[in-house]
Amino acid sequence: MAVAKVSLLDALHEHFGFDSFKGNQEKIIKNILSGKDTFVIMPTGGGKSLCYQLPALMSPGVALIVSPLIALMKNQVDLIRSYSSKDNVAHFLNSTLTKAQIKKVRSDLTSGKTKMLYVAPETLTKQENIDFFKELEISFIAVDEAHCISEWGHDFRPEYRRLREMIEMINPELPIIALTATATPKVQSDIVKNLELRTPEIFISSFNRPNLYYEIRAKRKKDLVIKDIVKFIHQHKGKSGIIYTLNRKTTEELADMLVANGIKSVAYHAGLDSTTRAGRQDMFLHEDVEVIVATIAFGMGIDKPDVRFVIHYNIPKSLENYYQETGRSGRDGLEGICLCFYSYKDVQKLEHLMRDKPLSEREMGAQLINETVAYAESSVCRRKVILHYFGEKYEGENCGKCDNCLHPKEKIEVKNRAFIVLKAIQQLEERFGTDYVVNIITGQSNPQITTFQHDKLEVFGEGKEFDAHFWNSLIRQMMLEGLIEKDIEEYGLLKITAKGNKFIKKPFSIWFSLNHQFDESDGGGEDEDGGTGETQASADPVLVEMLKELRKKVAKEKNLPP
Ligand code: ADP
Ligand code: MG
Ligand code: ZN
């Protein structure tokens, strides 16, 4: 690629008015300018856009930038135009344009005035566009939000999977730069494979956001949670914040409650028409409201640097989502407070929401949810757990900016109690779920099941000095510790792992944090989309069927008898 001989810093200053590069930007830009495939993994707010915008401005031809959302495209193009004196330096091409607008875009492209063209993946699938792009001088293709390629990412978009196919048709030689704020190794390898990046140079930035404070709060009764939220917002009067909830109705209810408490706020969700959505997003960006109460439909690409807090009314469905959503606070590097209300009920709701999804998705979903549960219930530094999830090691002992570091949880030695749990599962021949096991331990007889003479079991009532909440919490933590697991085939039945069997033979000392507050909640009383009153232990018949199928499939692949 022929590049004009100006220093990168001069170009940065000339085009954007910035005095220095952030993080890996300069190295990344050099790599792109040398025509190599490039893979950029950088947290939200790190400055990914500039990594392709500057080389696009410096290279001959036009760069095609694939972006998943039409709203995002428009914001980006407006932003570039605000830096440049020429409006036609950047355009977007998507279904919102009129025939006349498309004609104008095409003529600017043909005459070489346009350096950046934002396209939706759908735009690329149209043959007439492909034929048109073939004739253009294209500098490179940037695939923004590249995690949309992967089902393991937090925002899978099937049409992203066809990008390679489209690029082949335009020009298979084009350099590709993929960008994402998703750092999980699984998503990364999906991206490289799917886009067929050619020995790409990979630039990974640290995901630590030192200015963010993380805290998990037990989610008790709905009115208490709302009181808690109102109090928190009053303490941060006039600051901008986002509240995320699981479902649409709750966004409305919560926003109303906040308004009733003198807090300017609006709801935002995908059920609103696009004009209302755009209007409310603007109200938030322009600070006509302090708080936006939203489903996950809100936020991607929102660049409001001074969001001071993000509150999760429900635990998100993956740690990745949590990271992305909390990441919208403190983008200016100043304070960002991330509160998450957690109860195990909400986890069951999430599981329930997946009930109609295909097998593979449910499998994945369950795994992702388990990781968030582990995070929420852990007594380890939040930062450490998040970074570990992204494959990064946090070296510090005490980050000083999370609840677990600032207020270490009370811990107790539970060797004997863990032993009781394992014994109970063993004596019940691994044929029951959590609720049943807990009933046995706490000495509740269950007349419905007569297979065993349960009150004759050694462990019957062995743990009655603690309540069911305590034992539920202990069992979850034992699962996280790998002492027990839920059966794959008959989901919900507790099984003892190899580690658990070792423990039975020779119990070792283990410490658990007291977490049963997470069991005492009613999940915020929010159940219209999910809560079924299902208990943690009940084996969901659909899931059982599904897992049976999976096992058959696996057996077949491995040539084992089903
Ligand atoms: P990302 O896409 O990684 O989330 P953006 O590209 O939206 O991040 O950039 C985040 C913010 O950082 C933007 O406001 C952008 O103008 C700013 N920014 C990017 N690069 C620089 C730089 N070199 N100097 C100062 N600000 C920068
Ligand atoms: Mg971006
Ligand atoms: Zn910490």
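Is Thr-199 buried or exposed, and how many other C-beta atoms lie within 10 Å? In this predicted model, Thr-199 turns out to be exposed, with 8 other C-beta atoms within 10 Å. The count is low enough for that label because a residue is called exposed at 12 or fewer. Thr-199 sits in the loop between helix 9 and strand 7, and its backbone has a feature worth a pause: phi is positive, at about 30°, although the residue is not a glycine. Most residues other than glycine have a negative phi.

The loop holds another residue of this kind. Glu-196 lies between helix 9, which covers residues 185–194, and strand 7, which covers 201–204. Glu-196 is not a glycine either, and its phi is positive, at about 50°. In its surroundings, Glu-196 has 14 other C-beta atoms within 10 Å, so it counts as partly exposed. A reader tracing the chain from helix 9 to strand 7 will therefore pass both Glu-196 and Thr-199.

With these details in hand, a view of the whole protein is helpful. The secondary structure consists of 22 helices and 17 strands. The protein has 562 residues, and 42% of them are buried. Its contacts also say something about how the sequence is brought together: among those with a separation of 6 or more, 75% join residues that are 24 or more positions apart.

Leu-387 offers a local example of such a long-range pairing. This residue belongs to helix 16, which spans residues 382–389. Leu-387 is buried, because 21 other C-beta atoms lie within 10 Å and the cut-off for burial is 20 or more. Leaving aside residues up to four places away in sequence, Leu-387 touches Phe-207, Asn-208, Glu-392, Lys-393 and Tyr-394. One of these partners, Phe-207, is 180 residues from Leu-387 in sequence, yet the two C-alpha atoms are 6.6 Å apart in space.

The last stop is ligand 1 and the residues gathered around it. The shell contains 13 residues, of which Phe-18, Gly-46, Gly-47, Lys-48 and Ser-49 come nearest to the ligand. In character, the shell is mixed, with 4 nonpolar, 6 polar and 3 charged residues. Helix 3, running over residues 48–58, gives the most to this shell, with 3 residues.

Technical notes. Residues numbered from 1 in each chain as written. Chains lettered and ligands numbered in written order. Predicted model: local features only at pLDDT ≥ 70, side-chain atom pairs only at ≥ 80, totals over all residues. Near = placed C-beta within 6 Å. Helix = DSSP H or I, 4+ residues; strand = E, 2+ residues; numbered from the N terminus. Nonpolar A, V, L, I, M, F, W, Y, C, P; charged D, E, K, R; others polar. Contact = placed C-beta atoms within 7 Å.
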